[in-house]
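Biologist: Please take a close look at a single part of this model, the surface where protein and DNA meet. Go through it contact by contact, and then say what lies behind it.

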2 protein chains.
Amino acid sequence: MHAQVPDGYDPRAFEPFAVTVDLAVFTLRDDRLHVLLVRRGEEPHRGRWALPGGFVLPRESADTAARRELAEETGLSAGTAAHLHLEQLRTYSEPDRDPRMRVVSVAYAALGPDLPEPRGGGDAADARWLPYGTQGALAFDHDAILADAHDRVGAKLEYTCLATAFCPPEFTLGELRRVYEAVWGVALDRPNFRRKVLSAQGFVRPAQGPPRLTGGRGKPAALYRAGGATALHPPLLRPERRETTT
Amino acid sequence: MHAQVPDGYDPRAFEPFAVTVDLAVFTLRDDRLHVLLVRRGEEPHRGRWALPGGFVLPRESADTAARRELAEETGLSAGTAAHLHLEQLRTYSEPDRDPRMRVVSVAYAALGPDLPEPRGGGDAADARWLPYGTQGALAFDHDAILADAHDRVGAKLEYTCLATAFCPPEFTLGELRRVYEAVWGVALDRPNFRRKVLSAQGFVRPAQGPPRLTGGRGKPAALYRAGGATALHPPLLRPERRETTT
DNA sequence: TCAAAAGTGTTCGGTTTACACCCATGG
DNA sequence: CCATGGGTGTAAACCGAACACTTTTGA
């Protein structure tokens, strides 16, 4: 681009772009994947659910804007929100995606452990956790963004240590397994899951305290913390749909 | 975002954003990975190499702009350029990434078979294919973009059929293997590579013509075409660096 | 004493790896 | 006739899915 910037290029010469961030925030509530949505209070799409988000301010990066919006929309303290996993998805730039003006939106996926019900972070419209799949048609192109985010998260569970981002600082292997099961929508073999997780170096590390805890009934489970690794070797592959040709 | 758009929001109220695309265009020239770069003719970074790119026009999407710039910068016909693989990488939006103004850039990775030397696609500065790794320090944040693009392409070779995008319509398995070797910088076992590729359904399909061809010396190789698949099952994993702990 | 969840062991079968070996062609 | 690259075969090592079994808790 920069190579052929017209020398006297004036960015105000034609209608400017607005740049926003849109957030697909996922969490696990009682073993179901939930997504954070806000109800639109204005036209267009008044009354429809939409992804939270907002404008990128003149002196901040999209990453910074996304982190700021994440804190505002979840109603969490900035310190807590700073710990949530946040990653850029892709940018949506169809000219007519917003009928009011030219808006280019950088989409993000965020995820965290069971988060509290969002308390009005300044905006009037209500914000809620909805079980993923029950949200119906969203405003603008947010259906596509949300689907892309879900695909991305599901794929990254396979070959990264992302799953720990859904868990509290200390967690059991059962909780970790339920992350995979909720996002993928499949049941995993418990013994094999345990072995795979423990053999992948850097994925989890035992919590050093006298680690025991109960999740209701059953034998108390050992507690673990996230290991330092980000990549998962070997990967934890999603069980493949049974092919008819096999 | 849209939920809390101020009702009377005027996008001209503060300094607008410019939105651009930057392209990391890869090709294979005599078994080496090359990148398309343009020499900057103006400040800042006059004389430095940079990624090709340009502004997103008021009525086009970033994808459209990237495709248009790809055709212009490579000097290929629009028809030919339309066949190149193009995919969005991510968006770079640090406030000071361009000292002249606020520029948000959507980065793309593009790749194609051995392409001709770029003929001046309208811009004065020269454009060239440089062997990847020999390009030195690029202008702006283009070092980071190029590195991200290379990482992405290398990773996608593992679990997608992307490698065929580096090949002409009909290609031999040796040519396909050299794509992997050039991008990954490793040598692959020829017999095992062949079996993996042929057993992955939809990756390649035999060219029906009486397929024979010579690549110089040696036995003529059968010709293949890209199969319809985009995902690669099972994946073709990069040989892992030998760990000291093994 | 039973249900539920954690944790361990074992078997079986397919896949991957590291080779050896033959084939066809140009110099 | 040799070097070069294409193509086939194979045995050992490895890995993963499936499932039996024990342990420890709450009800």
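Modeller: In this predicted model, a polar side-chain atom of B:Arg177 lies 3.2 Å from a phosphate oxygen of DNA strand D. A phosphate oxygen of strand D is also 2.8 Å from a polar atom of B:Ala222, in this case a backbone atom. A base of DNA strand D is reached as well: one of its oxygens is 3.0 Å from a side-chain N or O atom of B:Arg195.

Around DNA strand D there are 24 residues, and those that come nearest are A:Asn192, B:Arg190, B:Arg194, B:Lys219 and B:Ala222. Of the atoms of this strand that come within 4 Å of the protein, 51% are accounted for by sugar and phosphate. Sorted by class, the surface near DNA strand D has 13 charged, six nonpolar and five polar residues. Both chains take part through helices: α5 of chain A, and α4 (173-184) and α5 of chain B, each give at least two residues to this surface.

DNA strand C can be described in the same order. B:Arg195, already named for its contact with a base oxygen of DNA strand D, also has a side-chain N or O atom 3.2 Å from a base nitrogen of DNA strand C. The side chain of B:Asn192 places an N or O atom 2.9 Å from a base nitrogen of strand C. B:Lys219 has a backbone N or O atom 3.4 Å from a base nitrogen of strand C.

The residues around DNA strand C number 23, with A:Arg190, A:Arg194, A:Arg195, A:Ala222 and B:Asn192 coming nearest. Where atoms of DNA strand C lie within 4 Å of the protein, 51% of them belong to sugar or phosphate, and the rest belong to bases. The surface near DNA strand C is made of 12 charged, six nonpolar and five polar residues. Here α4 (173-184) and α5 (190-199) of chain A each supply at least two residues, as does α5 (190-199) of chain B.

Behind this surface, the next topic is how chain A is divided. Its domain assignment gives domain 1 (17-141) and domain 2 (160-226). The contact between the two draws 11 residues from domain 1 of chain A and nine from domain 2 of chain A. Their C-alpha centres are 28 Å apart.

The size of an interface is often given as the accessible area lost when the parts come together. Between domain 1 and domain 2 of chain A, the buried area is about 780 Å², and carbon and sulfur atoms give 78% of it. The count of salt bridges between these two domains is one. A:Arg178 forms a salt bridge with A:Asp31, with 3.7 Å between the closest N and O atoms. For polar contacts across the interface of domain 1 and domain 2 of chain A, the rule finds zero residue pairs with both residues at pLDDT 80 or more.

On the side of domain 1 of chain A that touches domain 2 of chain A, the elements giving two or more residues are β1 (18-29), β5 (85-92) and β6 (103-112) of chain A. β1(A) gives the most to that side, with three residues. By class, that side of domain 1 of chain A has five nonpolar, three polar and three charged residues.

Notes: Residues numbered from 1 in each chain as written. Chains lettered and ligands numbered in written order. Predicted model: local features only at pLDDT ≥ 70, side-chain atom pairs only at ≥ 80, totals over all residues. Heavy atoms only, no water. Near = heavy atom within 4 Å. Polar contact = N/O pair within 3.5 Å; in protein donor to acceptor, adjacent residues only side chain to side chain. Helix = DSSP H or I, 4+ residues; strand = E, 2+ residues; numbered from the N terminus. Nonpolar A, V, L, I, M, F, W, Y, C, P; charged D, E, K, R; others polar. Domains from an automatic or database assignment. Contact = heavy atoms within 4.5 Å. Buried area = accessible area lost by both parts, 1.4 Å probe. Salt bridge = Lys/Arg side-chain N within 4 Å of Asp/Glu carboxyl O.
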